[in-house]
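Reader: I am a first-year student, and I would like a close look at the backbone of this model. Please start with a turn in the chain and then work through one helix in detail.

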Amino acid sequence: MSRIKIPDAGGATMIGADVGEFIQPCFPMSETELKDLFKNMPNYKFRDDDVMLLTFPKTGTNWLYEILHMILNRSSEYTEDTKMDTMMESRLVADIDTVKSPRIMNIHYPYEYLPIKGLQEKQIKTILCLRNPKDSAVSYYNHMISIKLYEYDGKWCNWLPTCMDGKLEYGKYTDYLKGFETAIKQGVGFPLHVMYFEDLKSNGLEELDKLLKFLKIDLDTELRKDIIHKCRFDQMVNKNWDATNFMFHEAKEFTTKGFMRKGSVGNWKTWFTVAQNEAFDKQWNSEMEGYSMFKFKYAL
Ligand SMILES: Nc1ncnc2c1ncn2[C@@H]1O[C@H](COP(=O)(O)OS(=O)(=O)O)[C@@H](OP(=O)(O)O)[C@H]1O
């Protein structure tokens, strides 16, 4: 494994970490630490009350994290600087183990690299949050250009084909979805709740109730409403910004565009040209042929 420069379709490069099977971000840790982390991941030992949040990059991680934090703590207080403490691919196991319960673990890895055995052994309640691929791609591009760690200043028109071909962190979104669809059809062997960014945006309370039912947690109406209110984009962006992004702020590696940028559904329409959209649909439909479990909304 080593730190590499990933070229986009126009030749601009971004820094990544090659973990052997795919590329992951260059989190601030040594190569040996990254290597150990990747090696130890399959055998990770969960706690009984851990909740696992699975997301492809830029599909609602921080939003769901905040909601889950409020649910598990039965309170609509914002979390403090803990989000990245339990991001499994960015922290050493020993550090994650110091985080107090209840923990919300999260990871962007594809299905086949998840700590499946641990999830099954402890029957960890696991949430998979998905977002339409066009908004995710736009969000991801803005993430790349706003985090200094990546040293990336490429253009959208060159980044999009690179993203569609999965030649960047975590690979292709289509492979991610196909991996999950196959696993779900075969039976994952742990409790899994699938939800969508777009539904959370348009119908927050209903999605919260489904989540509560899955987690087997009762909350009174006032608290449920307050959680949805506090986790609205306009609230989170103002009040919780530092907590959400502490690591990058501390490292002075970040501008506000990366994690809380627009928070909308359909922003892709202002980025994709007609030709880009057609090429995207063509490739997406071809790669997803035979897979129909996940259905996306591209506008509200
Ligand atoms: N509360 C709330 N409401 C609506 N949208 C929200 C919210 N919180 C985060 N976001 C949007 O989610 C996008 C970031 O995704 P992630 O948190 O998964 O990013 S990351 O993968 O962890 O880096 C990013 O999307 P874009 O705005 O389209 O870039 C965030 O703005």
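**From an unusual peptide bond to helix 9**

Author: Pro-102 sits in the loop between helix 3 (93-96) and strand 5 (104-107). Helices (H or I, at least four residues) and strands (E, at least two) are DSSP runs, numbered from the N terminus. The peptide bond from Ser-101 to Pro-102 is cis, with omega near -5°. Most peptide bonds are trans, and most residues other than glycine have a negative phi.

This is a predicted model, in which local features need pLDDT of at least 70, side-chain atom pairs count only at pLDDT 80 or more, and totals for chains, interfaces and linings use all residues. Residues are numbered from 1 along each chain as its sequence is written, and side-chain values use heavy atoms, with hydrogens and water left out.

How confident is the predictor? The average pLDDT (confidence in each residue, from 0 to 100) is 90, and 92% of the residues score at least 70. The model scores ipTM 0.99 and pTM 0.95. Residues 242-252 stay under 50. For that stretch the model has 25 contacts (heavy atoms within 4.5 Å) beyond four places in sequence. Where pLDDT is low, the predicted coordinates should not be read in detail.

Now take helix 9. This helix has twelve residues, 204-215. At 1.5 Å a residue, they should span 16 Å (1.5 Å times one less than the number of residues). The end C-alpha atoms are 16 Å apart, which agrees. Its buried residues (under 20% relative accessible area, with exposed over 50% and partly exposed in between; 1.4 Å probe, protein chains only) are Gly-204, Glu-207, Leu-208, Leu-211, Leu-212, Phe-214 and Leu-215. Seen down the axis, these buried residues fall within an arc of 160°, so they line one face of the helix. The arc is that of the directions from the helix axis to the C-beta atoms. What covers the buried residues? Strand 4 (51-55), helix 2 (61-72) and strand 6 (125-130) are included. So are strand 7 (192-196), helix 8 (197-202) and helix 10 (221-230). After helix 9 comes Lys-216, whose phi is positive, near 60°.

Two further residues have a positive phi. Arg-74 lies in the loop between helix 2 and helix 3. Its phi is near 50°, in a residue other than glycine. Arg-74 counts as partly exposed, at 48% relative accessibility. Glu-151 has a positive phi of about 50° although it is not a glycine. Glu-151 lies in the loop between helix 5 and helix 6 (156-164). With a relative accessible area of 55%, Glu-151 is exposed.

Helix 5 itself has 14 residues, 133-146. Its expected span is 20 Å, and its end C-alpha atoms are 20 Å apart, which agrees. In helix 5, 13 of the 14 residues are buried, so the rest of the structure largely encloses it. At its start, a side-chain oxygen of Asn-132 comes within 3.0 Å of the backbone nitrogen of Lys-134.

Last, the ligand. It is surrounded by 21 residues (a heavy atom within 4 Å); the closest are Thr-61, Asn-62, Ser-139, Lys-262 and Gly-263. One oxygen atom of the ligand is 2.8 Å from an N or O atom in the side chain of Arg-261. A ligand nitrogen atom is 3.3 Å from an N or O atom in the side chain of Trp-63.

How values were computed
pLDDT is the predictor's confidence in each residue, from 0 to 100. A polar contact is a pair of N or O atoms within 3.5 Å; within protein, one must be able to donate a hydrogen and the other to accept it, and residues adjacent in sequence count only if both atoms are side-chain atoms.
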